[in-house]
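Here are a few short exercises, each with a worked solution. Grab a pencil and have a look at the model first.

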Amino acid sequence: VTAQVRGAAASVLAGREGVRQIEAEVLLGVITAYMDVRRDRQTVDILRGEIRILEAEVAETEARGKLGVVTKTDVAQADARLLSTEAQLSDAEGKLAVSNSEYLDIVGQSPGDLAPEPQLPGVPTSLDDAFEAADHNNAQVLGAVESERAAREQVTQAKAALGPTIALKLDAAVQPTEPFIPRQYDQSFTAAVVFNQPIFTSGLNASKVRAAADNDARAALNVEIARRSVIQLVAQSWSQLTAARSAGTLEQRQISDEEIAAEGNRIEERAGLRTTVDMLNAESELASSQVAFVTSHHDEYVAAAGLLSAMGMLEVRYLLPTTQL
C-alpha cells in the first residue's frame, strides 16, 4: 500500500510536469504566431514603400525616355523591376494571410494592432547556463524522472506479493440461550493471528516482478532519451539565436550603407554618372536588406523563446510574474 501511495504521488508530479510542457508549447506557439504576423506586416510595408519609389522612378524614366535622354531599354528595365516588386508584394500578402489564419487558430481571435514585442526575461548569456537551467527545470526531463519513480514503486509493489501477510482477527458474540427467556445469554470471544505465505503461484508473482522491472528499465531509458533530446534542443536553439543575432547586427549596418548608396545612385543617375540599372539595383538591394533584417529579428526572438522553452522557463510565472495564475 505504501508503494502504491508513493507511486501515485510520483504519477501526480509527472502529470503536473506534463501540464507545464503543454503550457510552454502553447506560449511558444503564441509567440511564433505573433512574430510571424509582425514580420509579414513589416515585409509588406517595406515592399509597398519600394513600389511607391519605383513607380515614381518609372514615371520619371518614361518622361526622360520621351525626351530622348534615356533609351527604351532603361524604361523597360525600370518597368520590369516594378513588376517584379509587385509580384514579391503579392507573395508577401499571401504569406501574411496565412500568418493571420495561424494566429487566429492558436490565439482564438484575429490579430488587430500588434504592439512591439516585449523583452523576454531570463534569456541566458552562455550555453552552459542554458544547459544547467534545462537540467533542473525542463518539464520533459522532470516528467520522465517522476514517471521512472512511479515505475520503480510498481516494482516494490510487485515484490510485496512474494512476502507474508499477518492478520489479527477478533470475534465477539452474544446470543440468547433459549428464545424469550430473559437474562439467559451465551457470550463468546475469539482472537486469532493468521499468517499467510505464498508457496506456489505457478510463477505468476515472479512474472509480475519481472514485468514491473522491465517497465522501470524502460522508464529509466526514457529519462536518458529526454535528457539527450533536451540537450539537442537547447544547443539547436542557442545556435539559431546567436546566428540570427549576429546576422541582424550585420544587416543593420548594411542597411545604413545601402541607404547612402541608394540615395547617391539616384542623384548620380540624374546627373548621368550612373545607369538606370545601377539605381534600380541599389533600390532593390536596400529593400532586400530591410526584409532580411526584419526576418533576422523575427528569427532571433522566436529562437530566444524556443531556448526558454527548452530550459523550462517559458511559463507565465516567469514571463509575467505579477499575473495571477
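**Exercise 1. Work out how far apart in sequence the contacting residues tend to be.**
Start with what counts: a contact means heavy atoms within 4.5 Å. Next, keep the contacts between residues at least 6 apart in sequence; of these, 81% join residues at least 24 apart.

Before going on, a word on the ground rules. This is a predicted model, where local features need pLDDT of at least 70 and side-chain atom pairs count only at pLDDT 80 or more, while totals for chains, interfaces and linings use all residues. Residues are numbered from 1 along each chain as its sequence is written, and side-chain values use heavy atoms, with hydrogens and water left out.

**Exercise 2. List the secondary structure elements in order.**
Helices (H or I, at least four residues) and strands (E, at least two) are DSSP runs, numbered from the N terminus. Count them up and you get seven helices and two strands. Now read along the sequence: the pattern is α-α-α-α-β-β-α-α-α.

**Exercise 3. Compare the protein with a compact globule.**
First, the rule: 2.2 Å times the number of residues to the power 0.38, with the radius of gyration taken over C-alpha atoms. For 325 residues, that puts a compact globule near 20 Å, but the protein has 36 Å. Then check the box along the principal axes, which the C-alpha atoms fill at roughly 135 × 45 × 40 Å.

**Exercise 4. Check the span of helix α5 against expectation.**
Helix α5 runs over residues 204-270, which is 67 residues. The expected span is 1.5 Å times one less than the number of residues, giving 99 Å here. From first C-alpha to last, α5 reaches 95 Å, close to that value. Just past the helix, look for Gly-272, whose phi is positive, near 85 degrees.

**Exercise 5. Is Glu-17 buried or exposed?**
Find Glu-17 in helix α1 (residues 2-66). The cut-offs are under 20% relative accessible area for buried and over 50% for exposed, with partly exposed in between (1.4 Å probe, protein chains only). Glu-17 has 14%, so it's buried. Leaving out residues up to four places away in sequence, Glu-17 touches Ala-139, Leu-142 and Gly-143.

**Exercise 6. Do the same for Gln-77.**
Gln-77 sits in helix α2 (residues 72-107). Its relative accessible area is 30%, so Gln-77 is partly exposed. With residues up to four places away in sequence left out again, Gln-77 touches Val-277 and Leu-280. Finally, try Tyr-103, 26 residues from Gln-77 along the chain: their C-alpha atoms are separated by 39 Å.
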